[in-house]
Amino acid sequence: MGISRDSRHKRNATGAKRAHYRKKRKFELGRQAANTKIGAKRIHTVRVRGGNLKFRALRLDSGNFAWGSEHCTRKTRIISVRYNATNNELVRTNTLVKGSIIEIDATPFRQWFEATYATALGRRSKKVVEGQEDVLNKARSNHATRKLEERKKDMKVDPEIENQFVGGRLLAKIASRPGQSGRCDGYILEGKELEFYLRKIRSKGK
């Protein structure tokens, strides 16, 4: 028996059993779940109704994530799944689905922040790596300095996010559907939403 998405096998709103008057139809079909895992990118194309294509991501290791309050989006590495409201098994097996709370690499966002505001963010040591120019202390023109000072007036980072930058990992939520679009994109958690999910993660002992 194939996977079917029909509702004829269900009872009426009143509880009556529906009569069986036809077999399954092609337009009612369902397919196996993608169960996208973290790993080297592997995407299969699926031909669907109307000759369209779906992109079934079987493995993904990166995605585009937005930092909403800073209007910044960067491609970054996916590290692990931390929380899923529907099923703990998806956390244990590191399965990527829409709505999952995941950990992503904070490095691209830290580099952008330091280049934009010339202010250290989540740095444990102030030492500069040999052969690399320190973006915080490099020589700037008067115009560039004035521009940075103007930017710094509106600069404000949530303390919870700052703590995450120290660890080098950020909590983010997946907004795309990896099994349908073949992508794993989303946004960094902030404010009340971040507080909510941190409570959930702590209560589950993850």
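**Backbone outliers, sheets and helix 4**

With a relative accessibility of 14%, Ala118 counts as buried. The model is a predicted one, and in it Ala118 occupies the loop between helix 2 and helix 3 (142–153). The phi of Ala118 is near 50°, a positive value in a residue other than glycine. Most residues other than glycine have a negative phi. Asn35 is another non-glycine residue with a positive phi, here of about 50°. Asn35 belongs to the segment before strand 1 and, at 44% relative accessibility, counts as partly exposed. A glycine with positive phi, Gly168, follows just after helix 4, with a value of about 80°.

Two sheets are described here. The open sheet consists of four strands in the order 2-3-1-6, and its pairing is mixed. Its edges are formed by strand 2 (42–47) and strand 6 (95–96), each of which pairs on one side only. Within this sheet, strand 1 (residues 36–38) runs parallel to strand 3 (residues 53–60), and the two are joined over two bridges. Ile38 stands opposite Leu60 of strand 3.

The other sheet is closed: five strands form a barrel in the order 4-5-7-8-9, again with mixed pairing. On average, neighbouring strands of the barrel sheet are turned by 50° against each other, direction ignored. Strand 4 pairs with strand 9 (residues 186–188) in the parallel sense, over two bridges. Ala66 stands opposite Tyr187 in strand 9. Helix 2 packs on this sheet and touches strand 4, strand 5 (72–83), strand 7 (101–105), strand 8 and strand 9. The direction of helix 2 makes about 145° with that of strand 5. Helix 6 lies across strand 5, strand 7, strand 8 and strand 9, and runs at about 100° to strand 8.

Helix 4 spans residues 159–167, and in it Ile161, Gln164 and Phe165 are buried. Viewed down the axis of helix 4, the buried residues fall within an arc of 105°, so they line one face of the helix. An α-helix has 3.6 residues a turn, so residues three or four places apart point the same way. Pro159 and Asn163 are exposed on the other side of helix 4. The cover over the buried residues of helix 4 includes strand 4 (62–67), helix 2 (107–117), strand 8 (169–174) and helix 6 (191–203). Among these elements, strand 4 and strand 8 also belong to the barrel, while helix 2 packs on the barrel sheet and helix 6 lies across strands that include strand 8. At the start of helix 4, a side-chain oxygen of Asp158 comes to within 3.0 Å of the backbone nitrogen of Glu160.

Beyond strand 8, Ser176 is located in the loop that leads to helix 5 (178–181). Ser176 has 13% relative accessibility and therefore counts as buried, the limit for this class being under 20%. The side chain of Ser176 makes polar contacts with the backbone on two residues. One is with the backbone oxygen of Arg183, at 2.9 Å; another is with the backbone nitrogen of Asp185, at 2.9 Å. Leaving aside residues up to four places away in sequence, Ser176 touches Lys98, Ser181, Arg183, Cys184 and Asp185.

Cys184, one of the residues touched by Ser176, is buried, with a relative accessible area of 1%. Cys72 also counts as buried, at 3% relative accessibility. The structure holds zero disulfides. For Cys72, the closest cysteine sulfur is that of Cys184, and because the two sulfur atoms are 17 Å apart, they are too far from each other for a bond. The reverse also holds, as the sulfur closest to that of Cys184 is in Cys72. The cut-off for a disulfide is a pair of cysteine sulfur atoms within 2.5 Å.

Conventions. Residues are numbered from 1 along each chain as its sequence is written. This is a predicted model: local features need pLDDT of at least 70, side-chain atom pairs count only at pLDDT 80 or more; totals for chains, interfaces and linings use all residues. Side-chain values use heavy atoms; hydrogens and water are left out. Two strands pair if DSSP finds at least two bridges between them. Buried means under 20% relative accessible area, exposed over 50%, partly exposed in between (1.4 Å probe, protein chains only). The arc is that of the directions from the helix axis to the C-beta atoms. Contact means heavy atoms within 4.5 Å. A polar contact is a pair of N or O atoms within 3.5 Å; within protein, one must be able to donate a hydrogen and the other to accept it, and residues adjacent in sequence count only if both atoms are side-chain atoms. Axes are lines fitted to C-alpha atoms, for helices over the stretch in contact, and angles run from 0 to 180 degrees between N-to-C directions.
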